[in-house]
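Let's take a walk through this structure, starting with the overall picture and then stopping at individual spots. Keep the viewer open as you read.

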Amino acid sequence: MMVKVAVIRCESYDDDKVREAVNRGLELIGGIKEFVSPGEKILLKPNLLAADVPEKCCTTHPSVFKAVAEAFLQVGVNLSYGDSPALHNPSAAAKKAGIADIAEKLGVETADFVNGEEIYFEEGIQNKKFFIAKGVLEADGLISLPKLKTHFLAKMTGSIKNQFGCVPGELKGEFHVRMPNINDFSMMLIDLNRLLKPRLYIMDGIMAMEGGGPRRGTPKKMNVLLLSKDPIALDAMVCKMVNLDPKYVPTVKLGKEVGFGTYLDEEIELVGDPFESFIDPAFVVKREPVKPFYQGGIVQFVRNALVPKPLIQSKKCLKCGECVRLCPVKPKALDWHSGNKTKVPNYKYSRCIRCYCCQEICPEGAISLKEPIVKNFFKGRKLAVLSSFTRKLRR
Ligand code: SF4
Ligand code: SF4
């Protein structure tokens, strides 16, 4: 059976234009009543990674949120919204992103993304237990509103990754510790989506983020909204748009393997505007396969010597401590010198699992990734032994 992905041109965040594009997309994938019924409690889940202004293109734009909320309110559902950012509390992030104001004006309730409950998921492949935000559990259905962005570990962050925000607060960090291998982590995200079963995904790609996403990248005009009930198909089309092999994005590859969706052209029906008109081969994204991370022993030691390490640029650091707070390993791989918070925090690289949460979260952009000396040394030298060894580590 073919799955529909609507690809809709929208060239600005003008409210009327976005509303028209959202409504057109909803019609093309079967009409809004295909997804909700009057009287149901429906949760909108935008991407609110951190308390950032819409111009940073890190969060779902308020105009997209507004147009979707208006469309769903018109069919008589009880609407709420929420997300649990990696950094900052949910209300601060929603306010800065311009979404709290819109929600208040439209009468969309704020869902509880601070408290939660442990849910056992028998069918989980990688993970059978999740702590889920109360606001998610109280809703009858979820509509996901991801943002089109790159991701330093997983290449692209999209429809599947957006539901990670349904796990409250810093509990998210624990998954990085338990699953440092990107494939395990991605399978956990698939499990989370299989548990939550969002009914529809509407991606904001009018202004996307290329390069160092999901928070430190560069805004990029892509002029597109994508809608689908198949997150794998939607994310795969985004990959094709930016000339990235969908199989190189672990959530897409694994999602297809476990039957959660498809990336095959012959199983996807594109509706809306000509897909070719959105293809942008110059979009900045890493196009080689991901490198899984293995923890422990000699393999971790060698890999640590070959992958970039996070480094604080002391001149930019304001010593706010957010990176220390968020580092998920215990004992921390990034901490204050003997508890002295007047100095720049320092790393213990032997403990660091290279999850790059610290870099993602630093509000000042003070943490960069430094290529290891050993890699620079070998750069350009054709050492068969080294390249075959690194290939083995990536498998
Ligand atoms: S590196 Fe960034 S997050 Fe860490 S203390 Fe400095 S400014 Fe804060
Ligand atoms: S120091 Fe940074 S990259 Fe290393 S484990 Fe902690 S948060 Fe992750």
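The tour goes from the whole chain to a helix, a few single residues, some backbone oddities, and finally the cysteines and ligands.

First off, keep in mind that this is a predicted model. The chain comes with 14 helices and 16 strands. It has 395 residues, and buried ones make up 55% of them. If you look at contacts between residues at least 6 apart in sequence, 75% of them join residues at least 24 apart.

A good helix to start with is H7, which runs over residues 182–196. Its 15 residues reach 21 Å from the first C-alpha to the last, close to the 21 Å expected at 1.5 Å a residue. How many of the residues of H7 are buried? The count is 12 of the 15, so the helix is largely enclosed by the rest of the structure. Among the buried ones are Ile-182, Phe-185, Met-187, Met-188, Leu-189, Ile-190, Leu-192 and Leu-196. That list isn't just greasy side chains, though: Ser-186, Asp-191, Asn-193 and Arg-194 are on it as well. As a reminder, an α-helix has 3.6 residues a turn, so residues three or four places apart point the same way.

Both ends of H7 deserve a look too. At the N-terminal end, Asn-181 acts as a cap, with a side-chain oxygen 2.7 Å from the backbone nitrogen of Asn-183. Just after the helix, Lys-197 takes a positive phi of about 45°.

Now jump back to helix H1, residues 15–28, and find Ala-21. Is Ala-21 buried or exposed? With a relative accessible area of 5%, Ala-21 is buried, and its contacts beyond four places in sequence are Ile-8, Arg-9, Cys-10 and Leu-225. Cys-10 sits 11 residues away from Ala-21 along the chain, yet their C-alpha atoms are separated by 6.3 Å.

Thr-262 is another one to click on, this time in the loop between helix H9 (250–257) and strand S12 (268–272). Despite the loop address, Thr-262 counts as buried, at 6% relative accessibility. A polar atom of the Thr-262 side chain lies 3.1 Å from the backbone nitrogen of Leu-264. Leaving aside neighbours within four places in sequence, Thr-262 is in contact with residues including Val-3, Asp-230, Ile-232 and Ala-233. Lys-256, Glu-267 and Ile-268 are also among those contacts.

Next, some backbone geometry. Which peptide bond is cis, with omega near 15°? That's the one from Gly-213 to Pro-214, and Pro-214 is found in the loop between strand S10 (200–210) and strand S11 (218–228). Another cis peptide bond joins Lys-330 and Pro-331, with omega about -10°. Pro-331 is in the loop between helix H11 (322–326) and strand S14 (334–335).

Positive phi values turn up as well. Lys-155 has a phi near 75° and belongs to strand S9, residues 155–157. Lys-155 is buried, at a relative accessible area of 7%. Ser-338, in the loop between S14 and strand S15 (346–347), has a phi near 45°. Ser-338 is exposed, with a relative accessible area of 81%.

On to the cysteines. How many disulfides does the structure hold? The number is 0. Cys-357 is in no disulfide, and the nearest cysteine sulfur, that of Cys-355, is 3.4 Å away. The cut-off for a disulfide is a pair of cysteine sulfur atoms within 2.5 Å, so that pair doesn't qualify. Cys-357 is buried, with a relative accessible area of 9%, and Cys-323 is buried too, at 7%.

That brings us to the ligands. Around ligand 1 you'll find cysteines 317, 320, 323 and 362, among other residues. Also in that shell are Ile-312, Leu-318, Lys-319, Gly-321, Pro-345, Pro-363, Glu-364 and Ile-367. By class, the shell around ligand 1 divides into 9 nonpolar, 1 polar and 2 charged residues.

Ligand 2 has 13 residues around it, and the ones that come nearest are Cys-327, Cys-352, Cys-355, Tyr-356 and Cys-358. What is the class make-up of the shell around ligand 2? It has 12 nonpolar, no polar and 1 charged residues. Cys-355 is worth a second look here, as it comes up both beside ligand 2 and as the cysteine whose sulfur is nearest to that of Cys-357.

Key:
Residues are numbered from 1 along each chain as its sequence is written. Chains are lettered from A and ligands numbered from 1 in the order in which they are written. This is a predicted model: local features need pLDDT of at least 70, side-chain atom pairs count only at pLDDT 80 or more; totals for chains, interfaces and linings use all residues. Side-chain values use heavy atoms; hydrogens and water are left out. A residue is near a molecule or strand if one of its heavy atoms lies within 4 Å of it. Ala, Val, Leu, Ile, Met, Phe, Trp, Tyr, Cys and Pro count as nonpolar, Asp, Glu, Lys and Arg as charged, and the others, Gly among them, as polar. Helices (H or I, at least four residues) and strands (E, at least two) are DSSP runs, numbered from the N terminus. Buried means under 20% relative accessible area, exposed over 50%, partly exposed in between (1.4 Å probe, protein chains only). A polar contact is a pair of N or O atoms within 3.5 Å; within protein, one must be able to donate a hydrogen and the other to accept it, and residues adjacent in sequence count only if both atoms are side-chain atoms. Contact means heavy atoms within 4.5 Å. The expected span of a helix is 1.5 Å times one less than its number of residues.
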